[in-house]
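Me: I have a protein model open and want to work through it step by step. Can we go through it in short questions and answers?

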Amino acid sequence: MIVMGSVYLHDCPAERYIPIYLIVGGVFGVLKNGFGIGQRVKNKGSDEEDEENSKTNPADSVLNCFLFAWFIAGNVWIYRTKHHYQSYNTTMTSPPYCDETLYQYAFWLTTSSYILIGATCCCIICGGIVAAAAGGKD
């Protein structure tokens, strides 16, 4: 995300926030993973009870809220641009230009998140149905 946003930072005047969305999302995603790894390393060396180790860091909660809000903002920027840009003429002003590689990367990154959420929900529902059907034969 960081690399794509940085490489194409000025290549999407149709929606200038798309590369910024990728850069910021990538940086804060790396920070979130770094906090998670740091918490695991800290807990691994500790002999305290599991209940103490399971407490979440308040900074992690704030980071999660920010990333969720940033994801929603990115959805707005990406999906509202879907049919309102062109990728073949950088000098043309109507409709505005956006690099095809950048836009397709951002679009499918966001869309794949929804596909993954949908597939997970389907698996949970199917698992619940199987568990209910198998549990009723006692």
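Me: This is a predicted model. Which residues touch the most other members of the largest nonpolar core?
Reply: The largest nonpolar core has 15 residues. Members of such a core must be buried, under 20% relative accessible area. The ones that touch the most other members are Ile 18, Tyr 21, Leu 22, Ile 78, Cys 98, Leu 102 and Tyr 103.

Me: Which helix supplies the largest share of this core?
Reply: Three helices, α2, α4 and α5, each supply at least two residues of the core. The largest share is four residues. That share comes from α5.

Me: Leaving aside neighbours within four places in sequence, which residues are in contact with Leu 102?
Reply: Contact needs heavy atoms within 4.5 Å. Neighbours within four places in sequence are left aside here. The partners of Leu 102 are then Met 4, Tyr 8, Cys 12, Ile 18, Pro 19 and Leu 22.

Me: Now the overall fold. In what order do the elements run from the N terminus on?
Reply: The protein chain has five helices and zero strands. From the N terminus on, the order is α-α-α-α-α.

Me: What percentage of the contacts between residues at least 6 apart in sequence join residues at least 24 apart?
Reply: Take the contacts in the protein chain between residues at least 6 apart in sequence. Then pick out those that join residues at least 24 apart. Their share is 65%.

Me: What percentage of the residues in the protein chain is buried?
Reply: The protein chain has 138 residues. To count as buried, a residue must have under 20% relative accessible area. The buried share is 23%.

Me: How many salt bridges are there?
Reply: Side chains of opposite charge can pair when their charged atoms come close. Here the cut-off is 4 Å between nitrogen and oxygen. Glu 15 and Arg 80 meet at 2.8 Å, and Asp 60 and Lys 32 at 3.7 Å. The count is two.

Me: How far apart in sequence are Glu 15 and Arg 80?
Reply: Glu 15 sits in the loop between α1 and α2. Arg 80 sits in the loop between α4 and α5. Their salt bridge links distant parts of the chain, 65 residues apart.

Me: Is Glu 15 buried or exposed?
Reply: The limit for buried is under 20% relative accessible area. Glu 15 has 7%, so this residue falls under the limit. Its partner Arg 80, at 47%, counts as partly exposed. Glu 15 is buried.

Me: Which helices does the salt bridge between Asp 60 and Lys 32 link?
Reply: The two residues are 28 apart in sequence. Lys 32 is partly exposed, at 28% relative accessibility. Asp 60 lies in α4 and Lys 32 in α2, which makes the linked helices α4 and α2.

Me: Which side chain joins that of Asn 75 in a polar contact?
Reply: Asn 75 lies in helix α4. At 8% relative accessibility, Asn 75 is buried. Its contacts beyond four places in sequence are Arg 80, Thr 110 and Tyr 114. The polar contact, at 2.8 Å, is with Tyr 114.

Me: Last, the surface. Which helix gives the most to the nonpolar patch?
Reply: The patch covers about 460 Å² and is made by Met 1, Ile 2, Val 27, Val 30, Leu 31 and Phe 35. One of these, Val 30, is exposed at 53% and lies in helix α2. With four residues, the top contributor is α2.

How values were computed: Residues are numbered from 1 along each chain as its sequence is written. This is a predicted model: local features need pLDDT of at least 70, side-chain atom pairs count only at pLDDT 80 or more; totals for chains, interfaces and linings use all residues. Side-chain values use heavy atoms; hydrogens and water are left out. Buried means under 20% relative accessible area, exposed over 50%, partly exposed in between (1.4 Å probe, protein chains only). A salt bridge is a side-chain nitrogen of Lys or Arg within 4 Å of a carboxyl oxygen of Asp or Glu. Patches are made of residues with over 30% relative accessible area and no salt bridge: like charges are joined within 9 Å, nonpolar side chains (Val, Leu, Ile, Met, Phe, Trp, Tyr) within 5 Å. Accessible areas come from the Shrake-Rupley method with a 1.4 Å probe; for residues, only the protein chains shown count as cover. A nonpolar core is a set of buried Ala, Val, Leu, Ile, Met, Phe, Trp, Tyr and Cys residues joined through side-chain atoms within 4.5 Å. A polar contact is a pair of N or O atoms within 3.5 Å; within protein, one must be able to donate a hydrogen and the other to accept it, and residues adjacent in sequence count only if both atoms are side-chain atoms.
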